[in-house]
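Open the model in your viewer and keep the sequence panel visible. The stops below say what to select and what is there.

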Amino acid sequence: MGSPSSIAVRELPLFPLNDLVLFPGQPLPLHIFEYRYRIMMNTILETDRRFGVLMSDEQSGEIATIGCCAEVLRYQRLPDGRLKMLTLGQQRFRLLEYVREKPYRVGLVEWIQDDPPSDDLYGLAGEVETLLKDVVRLSAKLSDREIELPDEIPTLPTELSYWVAAKLYGVAAEQQALLEMQDTAVRLQREAEILSSTRNHLAARTALKDALP
């Protein structure tokens with residue numbers, strides 16, 4: 001890989017989070033209580049309100065090198081100095097190196113984006129959306145409770161791929177792999193595989209439930 005363009009490279013304060021992967025366009029509420037991160041947030045609130053979120057493996061402690069930039073939309077400062085924040089995922093980045101680690105990590109990062117698609121992805125995106133709706137419907141039937149998707153699901157394939165990936169709770173390693181992909185089609189195909197497997201599993205459980213008295 002050649003040297004990244006200086007236009008696409010910047011220093012970014014970094015916030016590792018245990019088994020949490022942030023995707024572009026997705027909200028992330030935060031409660032900032034640790035002193036070093038209070039310092040970090042107070043600093044970024046005086047500048048462009050942006051910082052990088054990186055997934056940290058809770059068991060190994062290993063920190064990912066590809067993450068997502070977050071922007072603070074609004075915040076509340078509590079009397080004891082803690083902060084409550086609502087942030088929103090922006091563009092993805094690759095960590096090139098750490099610039100410093102105290103009082104909080106700052107990294108030199110380059111922005112990354114998906115490669116331009118070679119095919120029309122709307123058909124594949126529609127398949128993923130249909131599979132997701134099937135999973136939600138079967139989950140609701142199994143749990144005997146209402147589960148509804150929001151009215152406004154993203155229609156653009158890349159945005160949909162991020163949105164679906166963010167909904168795959170409890171599988172941080174899989175989410176990280178989806179975040180790192182730079183091909184929308186490959187990401188959507190992987191999501192279709194995951195959702196299809198989940199749908200088949202739920203359908204079998206639903207059939208068993210219906211068969212039992």
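Select domain 1 and domain 2 and look for salt bridges between them: the count is zero. This is a predicted model, and the statements that follow are computed from it or come from a record.

To make the two selections, use residues 9–111 for domain 1 and residues 121–211 for domain 2. The contact between them draws on 12 residues of domain 1 and 14 residues of domain 2. Measure between the domain centres, taken over C-alpha atoms, and the separation is 27 Å.

Stay at the interface. Joining domain 1 and domain 2 buries about 1,200 Å², and carbon and sulfur atoms give 63% of that area. Although there are zero salt bridges between the domains, six residue pairs are in polar contact across the interface.

Which strands each supply at least two residues of the side of domain 1 that touches domain 2? Select β4 (66–77) and β5 (83–100); these are the strands in question. By residue type, the side of domain 1 that touches domain 2 holds seven nonpolar, two polar and three charged residues.

Now widen the salt-bridge search to the whole structure, where 12 are found. One of them to display is R94 with E110, whose closest N and O atoms are 2.9 Å apart. R94 sits in strand β5 and E110 in strand β6 (residues 106–112), so select both strands to see the pair linking parts of the chain that are 16 residues apart.

Next, move to the loop between β5 and β6, where P103 lies. Show the backbone here: the peptide bond from K102 to P103 is cis, with omega near 0 degrees.

Then go back towards the start of the chain and select D19, in the loop between β1 (9–18) and β2 (27–32). What is the sign of phi at D19, a residue other than glycine? The value is positive, near 50 degrees.

Zoom out and colour by secondary structure. The protein chain has five helices and six strands. Followed along the sequence, the order is β-β-α-β-β-β-β-α-α-α-α. With the whole C-alpha trace in view, the spans along the principal axes are about 60 × 45 × 35 Å.

For the last selection, take residues 12–199, which the unreviewed UniProt entry lists as "domain: Lon N-terminal". Over residues 12–199 the chain is 36% helix and 30% strand. Label the C-alpha atoms at the two ends of this range and you will find them 40 Å apart.

Conventions:
Residues are numbered from 1 along each chain as its sequence is written. This is a predicted model: local features need pLDDT of at least 70, side-chain atom pairs count only at pLDDT 80 or more; totals for chains, interfaces and linings use all residues. Side-chain values use heavy atoms; hydrogens and water are left out. UniProt positions are given in the numbering used here, feature names are shortened, and annotations may be inferred rather than shown by experiment. Helices (H or I, at least four residues) and strands (E, at least two) are DSSP runs, numbered from the N terminus. Domain bounds come from an automatic or database domain assignment. Contact means heavy atoms within 4.5 Å. Buried area is the accessible area (1.4 Å probe) that two parts lose on being put together, summed over both. A salt bridge is a side-chain nitrogen of Lys or Arg within 4 Å of a carboxyl oxygen of Asp or Glu. A polar contact is a pair of N or O atoms within 3.5 Å; within protein, one must be able to donate a hydrogen and the other to accept it, and residues adjacent in sequence count only if both atoms are side-chain atoms. Ala, Val, Leu, Ile, Met, Phe, Trp, Tyr, Cys and Pro count as nonpolar, Asp, Glu, Lys and Arg as charged, and the others, Gly among them, as polar.
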